[in-house]
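Reader: Hi! I have a protein model open and I'm new to this. Could you walk me through it?

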Amino acid sequence: MTPSAILESALYVTDLAAAETFYTGVLGLNLLGKVDGRHLFFRCGPGVLLVFNAEATKVPPAPDARLPVPPHGAVGEGHLCFAATADEIADWKARLEAKNIAIESEFEWPQGGRSIYIRDPSGNSIEFAEPRIWGL
């Protein structure tokens, strides 16, 4: 038995307000929920992007917590890749440049498929890539 899909992915940020502005205003994701000082949850296609304040998620839940999620977190710059067609990547590049978001890198993969990379306000590496880079 193997997992069938990734349901959610998490990034850890230092400024939730800046992250909310970036992921809603720049990337256009819909906010599903938030808890001030702790997290933001966004819909992304059939999955969910979780954006956490890493310091807040290090705190273990109370013994009587309704949702006893174990502590978690990461330090440093993370990475997330959004799937995009070649045409969508061109559109993303234009949109990001119009919003003064620097394209950190862009290239064609040797096996085929293109990627562009940017940074979110906390320094996470955000990629837009054609699924064919993974043979999908």
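Author: Happy to! One term to begin with: a residue is buried under 20% relative accessible area, exposed over 50%, and partly exposed in between. Take Arg119: at 32% relative accessibility, Arg119 counts as partly exposed. Keep in mind that this is a predicted model.

Reader: Okay, cool. Which residues of helix 1 are buried?

Author: Helix 1 covers residues 16–26, and its buried residues are Leu16, Ala19, Phe22, Tyr23 and Val26. They are on the same side of helix 1, because they cover an arc of only 150° around the axis.

Reader: Why would residues a few places apart end up pointing the same way?

Author: An α-helix has 3.6 residues a turn, so residues three or four places apart point the same way.

Reader: And which exposed residues sit on the face turned away from the buried side of helix 1?

Author: Those are Ala17 and Thr21.

Reader: What happens at the start of helix 1?

Author: There, Asp15 has a side-chain oxygen within 3.1 Å of the backbone nitrogen of Ala17. Past the other end, just after helix 1, Gly28 takes a positive phi of about 75°.

Reader: Switching topic: how many aromatic pairs are there?

Author: The count comes to 8 aromatic pairs. One of them is Tyr23 with Phe42, a tilted pair with 5.8 Å from centre to centre and 40° between the planes. Tyr23 lies in helix 1 and Phe42 in strand 3 (residues 39–44), so this pair ties together parts that are 19 residues apart in sequence.

Reader: Are Tyr23 and Phe42 buried or exposed?

Author: Both Tyr23 and Phe42 are buried.

Reader: What about Phe41, which ring does it pair with?

Author: Phe41 forms an edge-to-face pair with Phe52, at 5.9 Å centre to centre and 80° between the planes. Phe41 is in strand 3 and Phe52 in strand 4 (residues 47–53), so the two are 11 residues apart and link distant parts of the chain. Phe41 is partly exposed at 25% relative accessibility, whereas Phe52 is buried at 5%.

Reader: Which residues do ring pairs link into a cluster with Phe41?

Author: Tyr12 and Phe52: ring pairs link these two and Phe41 into a cluster.

Reader: Now for charges! How many salt bridges does the structure hold?

Author: The structure holds 8 salt bridges. In one of them, Lys93 meets Glu106, and their closest N and O atoms are 2.7 Å apart. Lys93 is in helix 3 (residues 86–98) and Glu106 in strand 6 (residues 105–108), 13 residues apart. Lys93 is partly exposed with a relative accessible area of 22%, and Glu106 counts as partly exposed at 34%.

Reader: You started with Arg119. Which residue does Arg119 meet in a salt bridge?

Author: Arg119 meets Glu104, at 2.9 Å from N to O. Glu104 is in the loop between helix 3 and strand 6, while Arg119 is in strand 7 (residues 114–119), 15 residues apart. Glu104 counts as partly exposed at 47% relative accessibility.

Reader: Anything for Arg132?

Author: Yes, Arg132 forms a salt bridge with Glu108, with the closest N and O atoms 3.6 Å apart. Arg132 lies in the segment after strand 8 (125–129) and Glu108 in strand 6, so the pair ties together parts that are 24 residues apart in sequence.

Reader: Last one: which residues do shared salt-bridge partners join into one network?

Author: Glu77, Glu104 and Arg119 are joined into one network by salt bridges that share partners.

Key. Residues numbered from 1 in each chain as written. Predicted model: local features only at pLDDT ≥ 70, side-chain atom pairs only at ≥ 80, totals over all residues. Heavy atoms only, no water. Buried < 20%, exposed > 50% of the residue type's maximum accessible area, 1.4 Å probe, protein only. Helix = DSSP H or I, 4+ residues; strand = E, 2+ residues; numbered from the N terminus. Arc of directions from axis to C-beta. Polar contact = N/O pair within 3.5 Å; in protein donor to acceptor, adjacent residues only side chain to side chain. Phe/Tyr/Trp six-rings, centres within 6.5 Å; stacked < 30°, edge-to-face > 60°. Salt bridge = Lys/Arg side-chain N within 4 Å of Asp/Glu carboxyl O.
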